[in-house]
Amino acid sequence: MSFVGSNNKKVDSWRVFLFFGIMIAVVLFYVYRLFSMQVLEGDNYLAAAEGNRVKELSVQTQRGIIYDRNGFVLARNVAAYNIVITPALLPEDEGSTQKIYRELSKIIGLPVNQGDIEDEETVRNFTPCFNDLGIAEIVYMGTTNAPFRPIQVSCDVDPEIAMIVREKVSVWPGVDIEVEPVREYPTGQLTSEIIGFLGPISAVEADYYEELGFVTERDKVGYSGIEASMNEELMGLSGKRTVEVDGAGQVIRDLELPIAPVPGTNIRLTIDTRLQSAAKTALINEMEFWNRRLPEPQFNNGAVIAMDPRTGEILALVSYPTFENNRMARVIPGYYYNQLQEDPQKPLLNHAISAEHPPGSVYKMAAAIGALNEGVVPTDKKLFDPGKITIVQKFTPNDPGVPIDFVCYTYKDTGAGHGDVNFFEGVALSCDVYFYKIGGGYLDEVPDGGLGVLRLAEYAKALGYGSETGIELFGEGDGIVPTPAWKRRNVGENWSTGDTYIATIGQGYVLATPIQVLLSFATIANDGKQMKPTLIYEQLDNEGNVVVPFSPTMTKDITQDKVIQIFDEDGLPTGEYKSVDPWAIEMAQEGMRLAVLDGTATNVMDGFTISNAGKTGTAEYCDNVAQEKGICERGAWPSHAWYAGYAPYEDPEIVVVTFVYNGKEGATLAAPVVRKVMESYFELKAIDAGLETAP
Amino acid sequence: MFNRSFWRQFDYLLFGTVLILCVFSVAMIQSAIAGNEDIADSVNKQLIFVIGGIVVMFVVAFVDYRYLASLTSIMYIFSFLLLMGIFIIGSALYGSARWFDTGVILIQPSELVKIIMIVILADYFAKTQNQPKNLFWIAKSFIMTAGIVVWILLQPNLSMSIVIFVIWFSLLWYGGLPTKYLIIFGIVGLVVGIIGFNYLEPYQQERILTFAFPDPNARHGNEFNVEQAKISIGSGGLFGQGYGHGTQVQLRFLKVRHTDFIFSAISEEFGFVGTLVIIALLLFVVIRCFRIGQSSSDMFGALIAYGVGTLLFFQMAVNIGVNLNVIPVTGLTLPFVSYGGSSMISLMLAIGFVQSVSAHRHTT
């Protein structure tokens with residue numbers, strides 16, 4: 001064979017050698033690189049491959065259940081069904097995907113296309129479950145964020161709808177049903193001030209909780225109430241799985257034995273939901289009863305607390321108004337939270353433990369016990385109440401002073417006083433002038449300046465004022481028990497003689513929370529033994545075994561423990577302490593008994609078959625709210641209504657305090673609520689004992 | 001043709017090495033499927049491609065390559081029409097009209113054209129070897145090449161276009177390109193490259209940019225693939241994790257592991273030693289091609305063999321370079337190993353041409 005133009009001339013060898021040179025250089029470079037990657041750095045890459053393959057998963061645990069003292073559920077976990085779509089698992093072709101969207105849309109009622117995802121604002125604010133986007137837009141958001149993570153398209157759907165969708169899951173690749181535990185509060189607003197609510201783990205605490213195996217986007221923590229204060233116990237421990245995953249993030253198998261989650265401790269509260277309901281209803285009804293008779297509602301917030309003085313068990317704790325914690329079960333809706341925050345009645349504040357108000361006449365019991373224990377007056381000594389006394393207001397011992405009038409509450413109506421009153425009548429009638437005299441001294445009638453502010457403060461503190469009671473709720477107020485030192489520090493002014501008179505009747509600088517008032521009465525009712533108020537009855541494990549049983553804690557016994565500081569004549573502490581004579585407490589009890597039998601609370605307790613004792617309080621105040629309203633008129637200031645009482649008188653089982661903000665008369669607004677709570681308590685007790693009251 | 005001289009001059013070492021690579025390819029694809037249903041039939045398909053490729057190789061090898069010289073005009077027209085046709089009526093897959101969908105398999109004509117171009121250009125440079133090596137000589141070959149490549153560029157398929165220009169340039173080089181033009185081309189190439197970048201399709205620009213400036217946060221797309229490839233290669237160590245035991249491959253962290261990134265899969269399962277063997281085998285094939293070129297009886301045969309050798313090396317170097325993350329991601333396959341019918345058949349066709357050059361070297 002012969003071909004035209006072909007001959008034997010060859011390619012220059014150097015040209016081929018040059019190519020070979022390049023080839024060898026490239027290959028050597030590759031070999032070097034392979035050597036360095038595989039042999040020198042092989043371990044690092046192997047670790048990276050392990051990091052790809054091995055994932056630690058947190059297994060969600062169950063939050064503890066909260067019961068009331070009778071085992072009634074106050075907080076539990078229920079399943080919520082979410083419809084989720086995993087963008088990466090949707091069919092490849094757009095047509096099939098659209099078909100799934102359309103069919104799903106018909107079932108769940110969410111449009112396929114809705115909203116504008118070109119809008120940066122929408123994209124930035126995008127929250128699964130809470131958005132106005134259509135299915136396609138939500139999936140698009142998911143695709144750009146994490147295509148292998150299921151994104152919630154529709155949340156908390158009806159279980160029936162969830163069932164319908166679940167049947168379709170096999171033919172709709174990418175669509176699935178997610179079961180999410182959501183907290184449910186069967187009693188809602190009735191107990192929300194006690195139970196509180198949950199919220200997401202905040203960025204500040206994220207490290208702490210992640211260390212414990214919780215997942216910030218999944219697990220929730222308590223934000224208020226028992227949910228917050230007992231959060232550690234309720235949360236339990238997340239489980240852990242070390243698994244092998246594939247490139248799509250799918251779990252292939254467990255690499256280690258999974259560590260099962262430990263469910264949170266169940267908590268049984270001391271609260272009796274029935275009594276809680278009775279107390280809340282009584283308070284709301286009482287306020288509404290009077291509000292209806294006024295041109296505009298005046299009584300809008302208040303608190304009721306009932307406790308067993310012998311053990312410190314809180315049986316009911318009402319703060320009104322409060323919030324609906326079920327609305328915050330899944331997520332805290334911004335508009336609702338803002339509404340609560342801006343409400344002038346402060347529903348997010350637990351008025352029963354956090355609100356500090358002048359306690360008024362209920363504070364007189366501190367002065368009463370102090371005066372007896374210090375021997376300021378004998379119980380039978382009659383002091384004269386003309387309705388108005390004039391004393392000299394002095395800021396220093398040598399201050400010539402300015403005379404000021406101090407009136408009894410009867411003066412503005414009748415222009416007269418209570419006349420001659422002894423200790424018991426003083427307490428029973430809540431005679432202001434009697435207390436002015438024993439508290440600050442009066443001429444020769446009560447010489448040497450009476451009890452005096454320093455000793456008054458000692459007895460107030462002994463009863464529980466001026467410090468937190470230690471109840472298992474966050475945000476407790478500690479109130480103010482004013483002393484000259486306190487005034488110099490906080491007001492920048494010397495203590496005046498007038499301040500002592502005002503402090504004796506629980507006004508002026510004195511501030512107390514309802515639970516402090518409750519504790520002081522419980523201490524008197526329990527003959528000086530002060531029990532720590534508690535909401536926790538016992539803690540139970542998942543199987544119902546008691547892990548932490550109930551044991552009442554006695555804070556102090558003021559008749560035994562030396563809690564009263566002794567001062568010398570110049571008002572300097574001697575460093576010595578004494579206790580309170582049980583007799584003084586007994587006399588105080590008798591005074592309060594007389595208040596019910598023949599005193600300020602006689603009318604309201606009329607016909608109540610169980611023997612009881614109590615003390616009214618009408619605390620004048622002029623806070624910023626009142627100032628804004630312009631109701632602070634000198635001589636006719638607005639006042640809070642207080643009543644604290646206990647029953648049965650002989651062997652007290654229940655002590656109840658009621659506070660109504662701007663509630664005027666304690667006897668009118670607060671005392672009836674206390675009576676209703678007590679009546680309910682004894683009715684419930686009878687029911688529980690199987691003794692039906694009426695056929 | 002079926003005479004003893006054919007079988008005597010047939011290069012058994014070349015054929016044997018290619019066969020080893022092909023068998024290994026089938027085995028490696030089996031491992032690379034890693035439970036992915038969508039590519040589960042790749043093994044059987046690749047086996048068919050290998051057998052088909054061997055048949056093609058023998059058929060082509062039997063034909064004396066010198067006949068091809070007379071067919072280059074027809075080949076050129078055929079290639080031109082084929083590529084123009086696919087550009088106009090080709091189905092739009094992966095955003096580019098590269099494929100003919102036969103219903104059973106997708107055919108990528110540019111793979112075939114790439115091999116044909118070797119023959120066409122080898123013929124041109126062989127026929128013009130005694131002409132002056134001036135700009136006209138260069139320009140004519142360039143225009144011939146560009147006439148074909150333009151359709152491939154329009155698809156758009158940048159990497160294949162580059163491959164064909166590399167073939168053109170290498171044959172131009174072996175054909176006797178004067179050194180002064182090489183320097184001029186170097187400068188012109190650089191300038192055109194910079195200007196040309198602006199005319200690339202966005203996704204092509206993006207590939208080059210992600211290579212030059214990797215985004216550390218990117219989890220999906222090329223950056224992710226390349227990162228996983230690096231981890232796969234590195235985790236292989238000295239001896240590899242064993243066939244079917246590479247976690248990156250078997251748990252599907254490594255993407256496109258049966259085609260573009262099969263080298264990473266090999267690296268993970270067979271380690272440094274395994275990759276050296278594969279590189280050595282491929283290099284041996286390249287060297288055999290050059291040996292055949294050297295011993296061929298004419299310039300045409302030599303240029304075909306050199307052209308195929310250069311093409312094989314270029315594809316291998318680029319593919320491994322992509323796997324090692326030293327050059328941007330392209331769609332070039334690892335010769336004889338990556339899954340793909342068009343690629344396999346085309347490369348077998350090229351080996352067929354080389355075998356023809358070898359087997360018919362002393363028939364004149």
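This is a walk through a few parts of the structure above, taken one piece at a time.

What you have is a predicted model, in which local features need pLDDT of at least 70 and side-chain atom pairs count only at pLDDT 80 or more, while totals for chains, interfaces and linings use all residues. Residues are numbered from 1 along each chain as its sequence is written, and chains are lettered from A and ligands numbered from 1 in the order in which they are written.

Let's start with a helix. Helices (H or I, at least four residues) and strands (E, at least two) are DSSP runs, numbered from the N terminus. Helix α3 of chain A covers residues 94-108, which makes 15 residues. From its first C-alpha to its last it reaches 21 Å, close to the 21 Å expected at 1.5 Å a residue. (The expected span is 1.5 Å times one less than the number of residues.)

Which residues of α3(A) are buried? They are Thr97(A), Ile100(A), Tyr101(A) and Leu104(A). They sit on the same side of α3(A) because they cover an arc of only 100° around the axis; the arc is that of the directions from the helix axis to the C-beta atoms. Here is the background: an α-helix has 3.6 residues a turn, so residues three or four places apart point the same way. Turn to the face away from the buried side, and you meet the exposed residues Gly95(A), Arg102(A) and Lys106(A). As for the cut-offs, a residue is buried if 20 or more other C-beta atoms lie within 10 Å of its own, exposed if 12 or fewer, and partly exposed in between, with C-beta atoms placed from the backbone.

The buried residues of α3(A) pack against α5 (135-145) and β5 (175-184) of chain A. Two residues are in contact if their C-beta atoms, placed from the backbone, lie within 7 Å. Now look at things from α5(A), whose buried residues are Ile135(A), Glu137(A), Ile138(A), Val139(A) and Gly142(A). Their cover includes α3, along with β3 (73-85) and β4 (151-157) of chain A. Back at α3(A), Gly109(A) comes just after the helix and takes a positive phi of about 75°. A positive phi also turns up in strand β4 of chain A, where Asp156(A) lies: its phi is near 50°, and it is a residue other than glycine. Asp156(A) is partly exposed, with 16 other C-beta atoms within 10 Å.

Next, a sheet. Strands of a sheet pair through backbone hydrogen bonds, either parallel or antiparallel. In chain A, five strands form an open sheet in the order β12-β11-β25-β24-β23, with antiparallel pairing. Two strands pair if DSSP finds at least two bridges between them. Which strands are at the edges? They are β12 (314-320) and β23 (613-620) of chain A, each pairing on one side only. From one strand to the next, the twist averages 5°.

Two helices pack on this sheet. Helix α11 (residues 273-291) of chain A touches β11, β12 and β25 (654-660) of chain A, and its direction makes about 35° with that of β12(A). Helix α20 (residues 514-525) of chain A touches β11, β24 (639-647) and β25, and its direction makes about 150° with that of β25(A). Those angles run from 0 to 180 degrees between N-to-C directions, and axes are lines fitted to C-alpha atoms, for helices over the stretch in contact.

Two loops here hold a cis peptide bond. One joins Tyr320(A) and Pro321(A), with omega about 0°, and Pro321(A) is found in the loop between β12 and α12 (334-342) of chain A. Another joins Ala647(A) and Pro648(A), with omega about -15°; Pro648(A) lies in the loop between β24 and β25 of chain A.

Finally, try the short strand β10 (residues 266-269) of chain A. Are its faces covered or open? Both are covered: Asn266(A) and Arg268(A) on one side and Ile267(A) and Leu269(A) on the other are all buried. Strand β2 (residues 66-67) of chain A runs parallel to β10(A), joined to it by two bridges, and Tyr67(A) stands opposite Arg268(A). Strand β18 (residues 536-540) of chain A pairs with β10(A) in the antiparallel sense over four bridges, and there the bridge partner of Arg268(A) is Glu538(A).
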